[in-house]
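Student: Could you take me through one part of this model up close? I'd like to look at the smaller pieces first and then at what surrounds them.

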Amino acid sequence: MQRFQAGFFDFYQRIFPLPRTTAPVIIVGIEENSLRELGQWPWPRTRMADLIRAIDAGKPLAIGLDVFFPEPDRFSPANVAAQLPVIASETVRFLATLPTNDAIFAEAISTAGAPVVLGISGEEDEDVRFANSPSSQPVRFIGTQDFPIKAYKGYIGSLATLSAAAKRHGLMNSGSPSAVVRRTPLIAKVGEGYFGSLGMETLRAGMDVPLTVRDGGGGLLEIDFGDARAVAQGDGSAWIRFGHHDDARFVTAYEAMVGKVTPDTFKDKVVLVGITGLGILDYKTTPLAEFLPGVEVHAQIVENIVNGVTLSRPRIMPRVEALTLITLGFLFIVFVPRARGAQYGLALVVGGVGTAFAAGLVLFQFFGLLYDPMLPSLGAGFVFGVVLVGSLATSERQRRQLREQAARLAGELDAARRIQMGLLPDPRETFAGERRADVAALLEPARTVGGDFYDCFMIGERQLFFVVADVSGKGLPAALFMASVKSQLKSAALRGGEVGAMLTRAQDEIEHENPEQLFVTAFAGLLDLQTGVLQYANAGHEPPYARRPSGAPERLPHPGGPPLCVVDDFAFPTSTYTLVPGEWLCVVTDGATEAMNPQREFFGVERLGTALGWIPEGAPPEELIRRLRDDVRKFADGAEAPDDLTLLALKWNGN
Amino acid sequence: MTVTPRRYANAVVLSVAGRLDQDTCDDFRVELMKHVEQTARDGGAIVLDLEGLEYVSSAGLRCFMLASRQAKTQHGRIVVASLQSMVAEIFEISHFNLVFQVFPAVREALAATSADALAAFEKK
């Protein structure tokens with residue numbers, strides 16, 4: 001996870017590589033050409049002394065050596081003599097009186113105008129060659145006792161002669177050789193003293209100022225010297241803001257030695273001497289995915305310090321990232337399932353994660369803070385995935401439930417429809433063998449189960465009772481109410497009396513069973529088959545048409561009353577009309593008169609009269625009804641019927 | 001369907017236009033009930049001006065009936081005026097004059113329900 005996060009911080013570095021705006025550091029590289037010209041490495045210390053003098057002549061601010069010299073120089077005259085047993089003994093004695101190369105190098109160091117800083121490498125184990133602590137420049141600590149500043153038990157440095165001459169040391173450590181260099185120890189304890197990184201110590205030696213390390217808040221260390229300031233993590237290491245490798249930082253050792261560098265190249269610069277020859281050095285990989293000589297890492301640290309560029313990761317950052325995770329997760333859990341479309345949910349996710357990433361970039365570039373939006377985003381993305389899968393499953397389940405519900409409801413409505421249709425009598429069976437009258441009826445239900453019905457039956461030998469009715473409203477309530485009204489009407493009719501009284505009686509009963517406050521229009525008739533006298537009562541229903549042989553259809557006069565269940569205790573009057581033999585009567589519901597064509601016109605009463613007038617003389621009721629139904633259908637011209645269509649025709653043939 | 005209220009003293013004239021059927025019934029009743037209590041308290045009436053009403057289905061009639069019953073429980077009075085021929089015929093066949101008093105025009109309806117309202121109507 002750490003590596004993953006570090007990789008993400010590398011990504012920041014790659015987006016915003018630090019431009020090189022100032023050049024406080026010059027690197028003297030001991031590289032291929034210098035080795036070719038001046039001999040193989042390690043050079044005799046006399047040559048190093050020459051190099052120091054050559055650089056010092058350019059009046060640098062300070063010189064730092066990113067090299068250490070732990071062993072005595074084997075080219076010192078005495079050592080050379082020891083390696084050549086055949087030479088004369090006075091020669092040996094003479095050579096022994098000559099100063100060692102190390103002494104010459106030490107002298108070059110101590111007599112240089114600019115301070116010279118030697119590199120030391122902090123080691124986890126004590127090295128017997130370097131039992132004594134190296135001399136350090138003064139460091140003051142303020143409020144840092146609780147900080148876990150890195151301490152090395154031992155170190156590898158240079159010969160005591162050289163150390164004593166330089167008096168100043170800087171840490172050469174710049175991270176493990178194989179990994180990408182992101183953090184490097186800026187301050188660490190070695191033995192009894194505290195040391196800054198080589199670059200920083202060289203800069204400070206040049207400025208000749210004390211160094212203060214204090215609690216910088218947020219678990220960070222603040223390092224001040226002169227007007228320079230750096231920020232380190234609690235352990236003394238610091239994140240480096242990297243820029244690209246730049247050849248302008250470099251001159252070669254050879255050029256420096258033979259005076260081929262431009263005048264003033266070293267003037268007031270921090271000069272770092274390092275080995276950059278390919279065969280011998282430690283190359284580092286930076287977050288910018290470049291190989292840099294280790295010495296250039298130190299140079300970049302100095303550039304960071306001089307330019308006031310810091311990069312740090314305060315202790316609170318992991319908590320900020322956790323908060324990001326919680327916030328994003330909360331957003332996703334609460335709002336993604338409520339988003340009206342998948343695209344809004346996705347926009348929320350992209351927006352949330354995008355904001356976190358943008359915040360990370362802004363904090364990096366403008367505040368030098370390392371904030372990792374990646375882990376919270378991945379976490380929140382995981383939450384999003386879970387929520388998405390959950391809400392998909394939920395909506396799938398809801399869809400299935402709806403489908404099942406719809407199917408069940410459709411099944412129930414179908415059943416209601418079948419039951420409703422089953423309640424209607426078939427006049428052909430009811431009046432089979434009845435010659436005095438012919439009756440035909442039809443009920444075409446609309447798509448939704450409706451509340452039309454008709455009924456017809458004999459009361460005794462002479463009286464034919466019929467009724468056509470329409471319950472206001474649709475659906476199951478209307479269908480159930482219709483069944484109740486039909487049975488109440490039948491029982492009211494069978495109790496005898498005038499037709500109006502039958503309706504009044506039925507209304508009294510129905511009112512008790514009408515929680516939905518539905519009402520029913522009804523036309524009821526009672527035909528005396530012996531005399532052709534028709535008693536009828538109308539409860540708010542469309543009056544029927546009658547047509548005598550060779551006459552025109554005429555609407556029956558319509559005294560009567562309101563629909564059943566509209567006005568309590570209304571007493572329905574009975575009217576009388578006498579049929580002539582061969583005369584027929586046709587009762588319809590508003591499924592006929594209010595049938596609508598695509599132009600939203602009604603079939604209407606007049607059209608009904610006209611249609612009935614066109615029916616051939618002597619057509620039996622069954623044909624009459626079929627023709628009328630066809631006329632209504634033709635008029636509707638494919639428009640869906642809004643209501644049930646009920647037609648009942650009755651023809652009195654005479655006694 | 002649209003319902004436009006106009007107030008004359010203690011009476012409210014609601015102009016109903018369009019079609020009254022199953023789909024528009026609830027809107028109509030909500031609008032009507034806003035005024036029932038007020039006019040009942042002021043001793044006035046609600047006049048339904050049906051000049052713009054093209055058509056009433058049986059569900060629409062039931063809507064009228066329910067409105068009338070609801071108004072009655074609140075001691076409100078509703079009358080109708082200016083019925084178009086088609087609506088007038090529906091009212092006639094279904095004898096809804098037993099449910100609402102029917103007037104040929106809004107003026108007559110106001111005259112029959114409240115002198116104040118008529119005065120206000122005449123002034124405008």
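Tutor: Here is a walk through chain B, its sheet and its contact with chain A, followed by a look at chain A itself. Keep in mind that this is a predicted model.

Let's start with the overall layout of chain B. Chain B holds five helices and five strands, and from the N terminus on they come in the order β-β-α-β-α-β-α-β-α-α. Of its 124 residues, 47% count as buried. Among the chain B contacts that join residues at least 6 apart in sequence, 74% link residues at least 24 apart.

Now the sheet. The five strands of chain B make an open sheet ordered S1-S2-S3-S4-S5, with mixed pairing. Strand S1 (2-8) and strand S5 (101-103) of chain B sit at the edges with a single partner strand each, so one side of each has no neighbour in the sheet. From one strand to the next, the twist averages 25°. Further in, strand S3 (residues 46-56) and strand S4 (residues 78-81) of chain B run parallel and are joined by four bridges. If you want a spot to zoom in on, find Asp49(B), which stands opposite Ala81(B) in S4(B).

Helices pack on that sheet too. H2(B) touches strand S2 (11-20), S3 and S4 of chain B, and its direction makes about 140° with that of S4(B). Helix H3 (residues 85-93) of chain B lies across S3 and S5 of chain B, at about 105° to S3(B).

Next, the place where the chains meet. The contact draws on 12 residues from chain B and 17 residues from chain A. On the chain B side, helix H2 (residues 58-73) gives the most, with six residues. Sorted by class, the chain B side has eight nonpolar, three polar and one charged residues.

Chain B also turns up in the largest nonpolar core, which has 113 residues: Val47(B) is listed with Leu503(A), Cys586(A), Leu647(A) and Ala649(A) as touching the most other members. Helix H15 (residues 475-494) of chain A gives the most to this core, with eight residues. Apart from it lies another core, of 86 residues, including Leu118(A) and Phe147(A). Back at Cys586(A), the residues touched, leaving out those up to four places away in sequence, are Pro544(A), Tyr545(A), Leu612(A), Leu624(A), Leu647(A) and Ala649(A).

For a sheet in chain A, look at the open one with five strands in the order S20-S21-S22-S23-S26, paired antiparallel. Its edge strands are strand S20 (452-459) and strand S26 (575-578) of chain A, each pairing on one side only. Neighbouring strands here are turned by 20° against each other on average, direction ignored. Within it, nine bridges join strand S21 (residues 463-471) to the antiparallel strand S22 (residues 520-528) of chain A, and Phe465(A) stands opposite Leu526(A) in S22(A).

One last stop is strand S16 (residues 270-275) of chain A, where six of six residues are buried. Val270(A), Leu272(A) and Gly274(A) are on one side, with Val271(A), Val273(A) and Ile275(A) on the other, so to speak back to back, and both faces are covered. S16(A) pairs in the parallel sense with strand S1 (residues 25-30) of chain A over six bridges, and with strand S2 (residues 62-65) of chain A over four bridges. On the S1 side, Ile26(A) stands opposite Val271(A), while Gly64(A) stands opposite Leu272(A).

Notes. Residues numbered from 1 in each chain as written. Chains lettered and ligands numbered in written order. Predicted model: local features only at pLDDT ≥ 70, side-chain atom pairs only at ≥ 80, totals over all residues. Contact = placed C-beta atoms within 7 Å. Helix = DSSP H or I, 4+ residues; strand = E, 2+ residues; numbered from the N terminus. Nonpolar A, V, L, I, M, F, W, Y, C, P; charged D, E, K, R; others polar. Core = buried A, V, L, I, M, F, W, Y, C linked by C-beta atoms within 7 Å. Buried ≥ 20, exposed ≤ 12 C-beta atoms within 10 Å, placed from the backbone. Pairing = 2+ DSSP bridges. Axes fitted to C-alpha atoms, helices over the stretch in contact; angles between N-to-C directions.
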